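Hi,

Here is the structure I promised to pass on. Have a look at it first, and then read my notes below.

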Amino acid sequence: MMASSTPSSIEHTMLAASEQLQVPSNISKFKIGLCQLSVTSEKNQNLACARNSIKAAVECGARLVVLPEMWNCPYSNDYFAKFAEDFENEDASPTFSMLSEAACSHGITIVGGSVPESSDGQLYNTSCVFGPDGKLKAKHRKIHLFDIEIPGDITFKESDFFAAGDNPTIVDTDVGLIGIGICHDIRFPELAALYREKGARIICYPGAFNISTGELLWEVMQRARAADNQLFVATCSPSRDSSGSYAIWGHSTLVGPSSEIIATSGHEETVVVAEIDYSKIELQRKGLPLDKQKRADIYMS
């Protein structure tokens with residue numbers, strides 16, 4: 001199912017599956033695909049679903065495809081260790097291998113959502129980015145772990161089972177510089193500001209906000225990060241009918257540099273394909289030069 005875009009209509013041009021267009025390094029306009037997946041307790045089924053959704057996005061013209069947070073296993077401590085993969089051992093990492101093969105066969109860049117990574121006796125919530133040649137371009141370990149306790153509503157402590165990453169991730173791709181964050185990373189404007197300073201024109205946040213925080217904050221955070229930094233923000237969530245006790249908000253979205261919602265979904269399994277036009281960034285920054293208006297002399301005093 002293809003999600004419609006709002007508020008403007010987005011052209012969904014179907015390409016032959018065998019068609020692979022070469023993207024110039026100075027590209028200013030391209031399509032992004034956000035694959036909102038229904039996650040099950042069967043890893044192989046999840047891999048097949050992701051592979052099919054990537055193909056559907058490519059057939060609609062996507063050159064950059066983003067997957068959700070924790071898409072190869074349910075968002076539950078019962079599954080993290082069981083489904084974790086050591087990316088250093090590619091032969092024993094079917095998720096890594098599938099993403100690499102899909103990126104190469106379709107000639108696209110894939111921000112591979114996030115999956116549980118096993119490394120040196122620790123588990124990490126990790127996103128891998130693959131280039132059109134199928135090679136790993138970057139790996140982002142979730143920096144800010146989601147620990148929350150709201151009496152009568154939700155209690156969740158991600159730090160009980162994951163270790164935090166220590167490094168921001170900005171990756172040079174065939175569609176430009178991309179900043180990577182995972183879910184709760186979006187709550188911290190300092191990270192997004194760093195990515196803008198380093199030249200990112202889009203930040204991709206695979207995420208799985210729960211229903212409580214999702215309804216209140218999911219859209220607000222995306223639009224705030226986009227508006228503050230005058231760049232594109234793309235988010236990708238699992239669908240709400242995913243397995244596990246963690247209730248997911250959904251609503252994968254692309255936000256533009258003036259904080260406008262370009263395309264979004266509901267909570268069901270779907271693929272969102274929308275156009276990114278980098279000229280909108282220059283237009284917004286020229287009309288509203290926030291960098292020139294900043295008062296670092298006051299903020300740092």
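**Around leucine 47**

Leaving aside residues up to four places away in sequence, leucine 47 touches Trp71, Pro94, Thr95 and Met98. You'll find leucine 47 in helix 1, which covers residues 43–59. With a relative accessibility of 5%, under the 20% cut-off, leucine 47 counts as buried. Take tryptophan 71 from that set of contacts: 24 residues separate it from leucine 47 in sequence, and the C-alpha to C-alpha distance is 8.5 Å.

Before you go further, please keep in mind that this is a predicted model.

**The chain as a whole**

The chain has 301 residues, and its radius of gyration is 18 Å; a compact globule with that number of residues would come out near 19 Å, so the two agree. Along the principal axes, the C-alpha trace spans about 50 × 50 × 35 Å. There are eight helices and 15 strands, and 55% of the residues count as buried.

How do the contacts spread along the sequence? If you take contacts between residues at least 6 apart in sequence, 69% of them join residues at least 24 apart. On the outside, the accessible surface comes to about 13100 Å², with 49% of it belonging to carbon and sulfur atoms. As for charge, I get 26 positive and 38 negative side chains, and the centres of the two sets lie 7 Å apart.

**Strands worth a look**

Start with strand 2, residues 62–66. Five of its five residues are buried, so strand 2 is largely enclosed by the rest of the structure. Strand 1 (residues 29–36) runs parallel to strand 2, and four bridges join the two. If you want a spot to zoom in on, leucine 34 stands opposite valine 66 of strand 2.

Next, strand 5 (residues 122–130) and strand 6 (residues 136–141) pair in the antiparallel sense, over five bridges. Here serine 127 sits opposite histidine 140 of strand 6. The hairpin of these strands has five residues between them, and glycine 134 takes a positive phi near 85° there.

Then there is strand 9, residues 169–173. Which of its side chains are buried? Thr169, Val171 and Thr173 are, and they point to one face, while Ile170 and Asp172 point to the other and are not buried. That fits the usual picture, because side chains in a regular strand alternate between the two faces of the sheet. A hairpin through two residues takes strand 9 on to strand 10. Strand 10 covers residues 176–180 and pairs with strand 9 in the antiparallel sense over five bridges. The bridge partner of isoleucine 170 in strand 10 is glycine 179.

**Two unusual backbone angles**

Most residues other than glycine have a negative phi, so I picked out a couple that don't follow suit.

- Glutamine 230 is not a glycine, yet has a positive phi of about 55°. It lies in the loop between helix 5 (211–229) and strand 12 (232–236). Its relative accessibility is 1%, so glutamine 230 counts as buried.
- Serine 259 is not a glycine either, and its phi is positive at about 80°. Look for it in the loop between strand 13 (253–255) and strand 14 (261–264). At 12% relative accessibility, serine 259 also counts as buried.

Cheers

Terms used
Residues numbered from 1 in each chain as written. Predicted model: local features only at pLDDT ≥ 70, side-chain atom pairs only at ≥ 80, totals over all residues. Heavy atoms only, no water. Rg over C-alpha atoms; globule rule 2.2 N^0.38 Å. Buried < 20%, exposed > 50% of the residue type's maximum accessible area, 1.4 Å probe, protein only. Contact = heavy atoms within 4.5 Å. Areas by Shrake-Rupley, 256 points an atom, 1.4 Å probe, with all protein chains shown as cover. Lys, Arg positive; Asp, Glu negative; His and termini not counted. Charge placed at Lys NZ, Arg CZ, Asp CG, Glu CD. Pairing = 2+ DSSP bridges.
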